[in-house]
Amino acid sequence: MGAGRVFAYGAAAGLIGDLLLGDPRRGHPVAAFGRAAGAVERVLWRDHRGWGALHTAVCAGGAVALGSVAARAVRPSAVASVALTGAATWAVVGGTSLAREARTIGRALEAGDVEAARARLPHLCGRDPQALDADGMARAVVESVAENTSDAVVGALVWGAVGGVPGLLGFRAVNTLDAMVGHKSARYRRYGWASARLDDLAGWPGARLTAVLAVLAGPDPRGAVRAWRADAAQHPSPNAGPVEASFAGALGVRLGGTLSYGGRVEHRPVLNSRGRAVGTHEVERAVRLSKRVTWLALGVCAGARLLMSAPSLKGAQLLKRGK
């Protein structure tokens, strides 16, 4: 079985596994990686970019190396290769947990239980829930669903198509490191610089694919394109900008504006200023759009991997016939 079919079957199995099982409450592989990265940080931390770059190289490189060793070990067996790809895909994607958390908050908001929504919001994003009213929390959820569709699903599938199991594990490692040390706090401004920049690079293709698929899958393709072109570049994140702008335009809502993170206030540009204010019912629409984007991304990435594998297969067949 060729590498393209291994990835296509394995990635589909992994997404189905995520759909049926979600993330384990205990013993999640990403959590184990986070603990290991934290241990490395305790040894290496210095208020210096070079030491932070070493931390990134050790942790992300270790994940890629582990994936390479595992993939090489099962290569003789097509069934084992598909199973490993499926397990790696299930471990690194988080679409079901994303949808579950978003819907939990959305249901609380629709029921008028603002305090329950505030208590749950930190499970989804880093906003300060005490600074938000019901509509503000709904906007935060929609923005998080959009951004995490790229970070937690599409980006992983892109790198899985490019690099197989090492690509899947490497992307999730980079994304996790950015969440751990990539923010601009006093401790991590220098030490986390390399992780943040590498995450920007690794997330670039997945973010653009997510934005394109939101245009195709959303209820307002023209609005999505218009918002992407007009507003994405104004966002402080090079990858969240296209994704959030395209989701905003596709759903016909306004995103962005004033945000609060742990007492730090940010004034971000409004995305899709023509749209309506986000209401609590928009959470479910955002989740449905995220799911459509996820399955379209699987089709695109699996198809691309099959096409990448096709020339080598044809060459092998020609050589065999020549013999």
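1. How do the residues lining the second largest pocket divide into nonpolar, polar and charged? Keep in mind that we're looking at a predicted model here. The split is 10 nonpolar, eight polar and three charged.

2. On that pocket itself: its volume comes out at about 430 Å³. There are 21 residues in the lining, and the ones nearest the centre are Ala 3, Val 6, Ala 71, Arg 75 and Ser 81. Two or more lining residues come from each of helix 1 (3-21), helix 3 (49-74), helix 4 (78-92) and helix 7 (134-181). Helix 7 gives the largest share, with five residues.

3. Now the aromatics. Searching the whole structure turns up one aromatic pair. It is formed by Trp 45 and Tyr 191, with ring centres 6.3 Å apart and planes at 40 degrees; that angle is neither under 30 nor over 60 degrees, so the pair counts as tilted.

4. Where do Trp 45 and Tyr 191 lie? Trp 45 is in the loop between helix 2 (29-44) and helix 3, while Tyr 191 is in the loop between helix 7 and helix 8 (193-217), so the pair ties together parts 146 residues apart in sequence.

5. Are the two partners buried or exposed? Tyr 191 is buried, at 0% relative accessible area. Trp 45 has 27% relative accessibility, which makes it partly exposed.

6. Two arginines are worth a look as well. Arg 187 lies over the face of Trp 45, at 4.5 Å from the ring centre. Arg 46, for its part, lies over the face of Trp 51, at 4.6 Å from the ring centre.

Terms used: Residues are numbered from 1 along each chain as its sequence is written. This is a predicted model: local features need pLDDT of at least 70, side-chain atom pairs count only at pLDDT 80 or more; totals for chains, interfaces and linings use all residues. Side-chain values use heavy atoms; hydrogens and water are left out. On a 1 Å grid over the protein atoms alone, a cavity is a set of points where a 1.4 Å probe fits but cannot get out, and a pocket is an open set with protein on both sides within 12 Å along at least five of seven lines; lining residues have an atom within 4 Å of a point. Grid points are joined across faces, edges and corners, and a volume is the space filled by probe spheres set on the points. Helices (H or I, at least four residues) and strands (E, at least two) are DSSP runs, numbered from the N terminus. Ala, Val, Leu, Ile, Met, Phe, Trp, Tyr, Cys and Pro count as nonpolar, Asp, Glu, Lys and Arg as charged, and the others, Gly among them, as polar. Rings of Phe, Tyr and Trp (its six-membered ring) pair if their centres lie within 6.5 Å; planes under 30 degrees apart count as stacked, over 60 as edge-to-face and the rest as tilted. Buried means under 20% relative accessible area, exposed over 50%, partly exposed in between (1.4 Å probe, protein chains only). A charge sits over a ring if NZ of Lys or CZ of Arg is within 6 Å of the ring centre and within 35 degrees of the ring normal.
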